[in-house]
Amino acid sequence: ITLGSMPPNLSGPLAERFGAVPLPPDGPERDAFLAEHADTIEVAVGHAGAGARAGLMDRLPALRVVAHFAVGYDSTDVEAARARGIALTNTPEVLNDCVADLAIGLTLDVLRLISRGDRFVRAGRWTREGFPLARRLTGAKVGILGLGRIGEAIAKRLTAFDCEISYHSRREVAGTPYRYYSTATELAVANEVLIVMVPGGPGTEGLVDAEVLEALGPDGYLINGARGSVVNHDDLIDALRNRTIAGAGLDVFPDEPRVPEALFAFDNVVLTPHVGSATVQTRQDMADVVLANVEAWFDRGELVTPV
């Protein structure tokens, strides 16, 4: 079965090669479907916004694999899956570059006022008034919250801007040239830009809160391309409203696709609809990884990218 909407380049091959069908919406239709098919469903394919929760797993006694069309798998109840012996897969590596590219794009946009300038010109304001000065990325102090594969890809790009790079992760990364800070707050104090790239889930929920935002300060910018749950959005809105920080670039939100309407009022905020991996090439690569996992499971009882 597939959980949530899937792109045709994945849903088509899943249906043709493995007989996959979409799980009906919760309610009588799903009840009827599961009554007929639950005992035959071994694999569920989800994505960043639609995984397998414990209640669904309880209704799928034959389920053995939840494959994620995403690098993050926090949409699935990981502990429940492990308790039931259900394996998880994701699509690591193939989306690192595109997510890193977007993080740099958001950073440039919010510092250099690119989207704001576009709105300014389209509204015909250039003939009537001046445009404010922006901030320079070259040479800026940038902190990366989460120096994993994507964080490393972001750091690589930032070196081209001669940025002073530091980071905080759960543990210090051996062999990296970047300075390590032991807390997110310490990282925020030391930098002008804070780029969030930690995984979602209970361990990082609300990690960027009022304390971290206050530490980032009135000349600081927050960029979040990780998960919306990592940032306390009530605290973020307060920080923007009170000018505690200078601005933000956000690709992810706590309750997607719903975005807090309060964010729409801020001209110093750039909003994108969770498109970090959304390029033709990367989405095809991700689909290929999912299909390889499903095929390996049915052919050999193995997985290509187990979590």
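## A walk through the two sheets

Start by selecting L222 and A248: in strand β9, A248 is the bridge partner of L222. Strand labels here, like helix labels, follow DSSP runs numbered from the N terminus (helices are H or I with at least four residues, strands E with at least two).

What you have open is a predicted model, where local features need pLDDT of at least 70 and side-chain atom pairs count only at pLDDT 80 or more, while totals for chains, interfaces and linings use all residues. Residues are numbered from 1 along each chain as its sequence is written, and side-chain values use heavy atoms, with hydrogens and water left out.

**Stop 1: around β9**

Now widen the selection to residues 221-224, strand β8, and 247-250, strand β9: the two run parallel and are joined by 4 bridges. Two strands count as paired if DSSP finds at least two bridges between them.

Are the residues on the two faces of β9 buried or exposed? G247 and G249 on one side are buried, and so are A248 and L250 on the other. Buried means under 20% relative accessible area, exposed over 50%, and partly exposed in between, using a 1.4 Å probe and protein chains only.

**Stop 2: the rest of this sheet**

Zoom out to see the open sheet to which β8 and β9 belong, with 7 strands in parallel pairing and the order β6-β5-β4-β7-β8-β9-β10. At its edges are β6 (179-180) and β10, each pairing on one side only.

Next, select L145. Which residues are its partners in the strands on either side? In β7 its bridge partner is V196, and in β5 the residue opposite L145 is H168. Selecting whole strands shows the pairing in full: β4 (residues 141-145) is parallel to β5 over 5 bridges, and β4 also pairs in the parallel sense with β7 (residues 193-196), over 4 bridges. While you have β5 (residues 164-168) in view, note that 4 of its 5 residues are buried.

Two helices are worth adding to the picture. α5 (96-112) lies across β7, β8, β9 and β10, at about 150 degrees to β8. Helix α10 (residues 233-241) lies across β8, β9 and β10, at about 140 degrees to β9. Axes are lines fitted to C-alpha atoms, for helices over the stretch in contact, and angles run from 0 to 180 degrees between N-to-C directions; contact means heavy atoms within 4.5 Å.

**Stop 3: L216**

Select L216, which is found in helix α9 (residues 210-216). With a relative accessible area of 7%, L216 is buried. Leaving out residues up to four places away in sequence, L216 touches A188, N191, E192, L194, Y221, L222 and I245; L222 is the residue where this tour began. Try a distance label from L216 to N191: they are 25 residues apart in sequence, and their C-alpha atoms are 6.9 Å apart in space.

**Stop 4: the sheet of three strands**

Move to the other end of the helix-and-strand list and show β1, β2 and β3, an open sheet of 3 strands with parallel pairing in the order β1-β2-β3. Its edges are β1 (43-47) and β3 (87-89); each has a single partner strand, so one side of each lacks a neighbour in the sheet. On average, neighbouring strands here are turned by 20 degrees against each other, direction ignored.

Select V65 and A87 to find a facing pair, with A87 in β3. The strands β2 (residues 65-69) and β3 are parallel over 3 bridges. Then show helix α11 (residues 280-300), which lies across β1, β2 and β3 at about 170 degrees to β2.

Within α11, pick N293. At 1% relative accessibility, N293 is buried. Its contacts, not counting residues up to four places away in sequence, are T89, N90, E302, L303, V304 and T305.

**Stop 5: two cavities**

How many cavities of 30 Å³ or more does the whole structure hold? The search finds 2. On a 1 Å grid over the protein atoms alone, a cavity is a set of points where a 1.4 Å probe fits but cannot get out, and lining residues have an atom within 4 Å of a point. Points are joined across faces, edges and corners, and volume is the space filled by probe spheres set on them.

For the largest, about 50 Å³, select D109, V110, L113, S115, R116, R119, D267, N268, V269 and V270. Helix α6 gives the largest share of this lining, 3 residues.

For the second largest, about 30 Å³, select V99, L102, A103, L106, M197, G225, D251 and G276.

Methods: On a 1 Å grid over the protein atoms alone, a cavity is a set of points where a 1.4 Å probe fits but cannot get out, and a pocket is an open set with protein on both sides within 12 Å along at least five of seven lines; lining residues have an atom within 4 Å of a point.
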